[in-house]
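The following note sets out several points for a colleague who is examining this structure. It takes up helix packing, one helix in detail, and a few individual residues.

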Amino acid sequence: MGESARVTDNVEEINKTPSTRAKVQAFGGFLTNMVLPNIGAFIAWGLLTALFIPSGWIPNEELAQIVGPAIKYLLPLLLASTGGRMVGGQRGAVMGAIGAIGLIVGSDIPMFLGAMIIGPLGGLIIKKFDNLIENKIPAGFEMIVNNFSLGILGFLLMIISFYFIGPTIESANNLVTAAIEALVATGLLPLLSLINEPAKVLFLNNVIDQGIYYPLGMQAAAETGKSIYFTVASNPGPGLGLLLAFTVFGKKTARRTAPGAIIIHFFGGIHELYFPYVLMKPLTIIGMIAGGASGIAVFSLFDAGLVAGPSPGSIFAYLGLTPKGSFIGIISGVLVAAVVTFLITALILKLDKSSEDEDISASVEKSKAMKQEGKKSSTPGKKDEEINKISFVCDAGAGSSAMGATTFRKKLQKNNIEGIEVKHYRIEDAPEHSDIIVVHEDLEERARRAHPDKEIISIGNYLNDPALSQLLDRLKRD
């Protein structure tokens, strides 16, 4: 069997049998793209809370009146509208918002989780209805059918949400909240790092952050003006400690690239940058777990928290969202996490006797095994001179892909290569006219499922990856 045939078979197999991990990644990406466009509103609410509530920096009774309505109505409605639009376009956005108001009024807690469910559900309902009546509306009756169908279906969803969906979600939310609060009460909250750190390096961080911790954090912040839940998976300290250890004790390429990764991770907030280093040396996950747990323990000790979810997870975002009275605790938690991770990772690297080439090969093979995917290859018959557009993609289309696109664009300019458009997107949003799609190897399966007919280049390092160097050489030859 030829190489092209094997590649075709691999792609077809991926399309038929996606791994559970790829499905969870896609779900996390969906949550991220519901939350990410509204992060500005969440930060605005966080700043309002930090400044004007009675325990804030400059208490203001009048302005503090905005805090409650904003978290109860504004933020859930934005989430529901965005989720509805993602599934059913503008009509889906309206349908999602109508359904969400039923949840909001019928519950006693901020309905973030409910909004993230009812929004896409509303979009799906109106989308299915529109598909059902497509080409069946008499000419001249389109507007009345469209308006009344949306109104009637929205009315029904609103009533169902008020009486049934809202109470069900509130009960489930209370169970999750009680479970995590039990961990807080018993001092076992640091144990969450056993889940958080491995999940992050498998690109499942968005599932736990946007799906669990952020909704819980907003509820807690509405009551106390801050929440530790915003810090349990977003602490930049462990990643800083890991990369510092590779800077001092790493070998060859890892040691050379780690300092640049530190700047982008710690100050830029793009945590995906340290994932390949953990995959390269899997034992270093021990340091990440210990560092994450130590950070959570310090946050708990100082009763520290943030006023909103830090996105991106930069130290600047951390400090900007730290409320009055929490600065010592937040800074200490970040530093302790970094030191603990550094010490453990340094010990692991010092005791390791393998060569870097072996480590990189093992990292690539482990990544491919996790994806359950065969060899990667170019699209058969594709000519280099036809490359006009390169799309860098990632989970949300706003972090690592943006950095990768910017870096590669500068390389093209440095080499006087013109006429090639390089932009960044969410994996599923990469344009059809893309000639090449560049993606991290842990998201390659998802990219191939979304774009089976495109040339996919997977990378393990956003700063200095051999695959990107080879691509640059190809473009130089044209």
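1. A residue is called buried when its relative accessible area is under 20%, and exposed when that area is over 50%. The model under discussion is a predicted one. By this cut-off T345 is buried, because its relative accessible area is 0%. T345 is placed in helix α14, which covers residues 327–351. T345 and G250 stand 95 residues apart along the chain, and their C-alpha atoms are separated by 9.9 Å.

2. A second buried position is G292, for which the relative accessible area is 5%. This glycine belongs to helix α12. Between G292 and A233 there are 7.8 Å in space, C-alpha to C-alpha, and the two are 59 residues apart in sequence.

3. The next point concerns the packing of helices. Two packed helices are described by the angle between their axes and the distance between the axes. For helix α4 (residues 67–105) and helix α6 (residues 142–186), the angle is about 30° and the axes are 7 Å apart. Angles under 35 degrees count as roughly parallel, and α4 and α6 are therefore roughly parallel to each other. The crossing in which α4 passes α6 is right-handed. In the contact of α4 with α6, the residues comprise 13 nonpolar, 8 polar and 1 charged.

4. Helix α9 (residues 237–249) packs on α10 with an angle of about 155° and with the axes 7 Å apart. That angle makes α9 roughly antiparallel to α10, since angles over 145 degrees are placed in that class. Here the crossing, in which α9 passes α10, is left-handed.

5. Helix α10 itself deserves attention. Does its length agree or disagree with the expected span? The helix has 16 residues (252–267), which at 1.5 Å a residue should span 22 Å; the C-alpha atoms at its ends are 24 Å apart, so the two values agree. Within α10 there is a kink of about 35° at A258, shortly before the proline P259. A258 is also one of the buried residues of the helix, which are A254, T257, A258, A261, I262, I264, H265 and F266. Just after α10 comes G269, whose phi is positive, at about 85°.

6. Which residue other than glycine has a positive phi near 50°? The residue is D303. It is found in the loop between α12 (285–301) and α13 (315–320). D303 counts as exposed because its relative accessibility is 54%, and the cut-off for that class is over 50%.

7. N416 likewise is not a glycine, and its phi is positive at about 55°. The loop that holds N416 lies between α16 (400–414) and β2 (421–426). With a relative accessible area of 65%, N416 is exposed.

8. In summary, T345 and G292 are buried, whereas D303 and N416 are exposed. As to the helix pairs, α4 and α6 are roughly parallel, while α9 is roughly antiparallel to α10.

Technical notes:
Residues numbered from 1 in each chain as written. Predicted model: local features only at pLDDT ≥ 70, side-chain atom pairs only at ≥ 80, totals over all residues. Heavy atoms only, no water. Axes fitted to C-alpha atoms, helices over the stretch in contact; angles between N-to-C directions. Helix = DSSP H or I, 4+ residues; strand = E, 2+ residues; numbered from the N terminus. Parallel < 35°, antiparallel > 145°, perpendicular 65-115°, else oblique. Left-handed = near helix turned anticlockwise from the far one by under 90°. Nonpolar A, V, L, I, M, F, W, Y, C, P; charged D, E, K, R; others polar. Expected span 1.5 Å × (residues − 1). Bend = angle between axes of the 7 residues up to and from the residue. Buried < 20%, exposed > 50% of the residue type's maximum accessible area, 1.4 Å probe, protein only.
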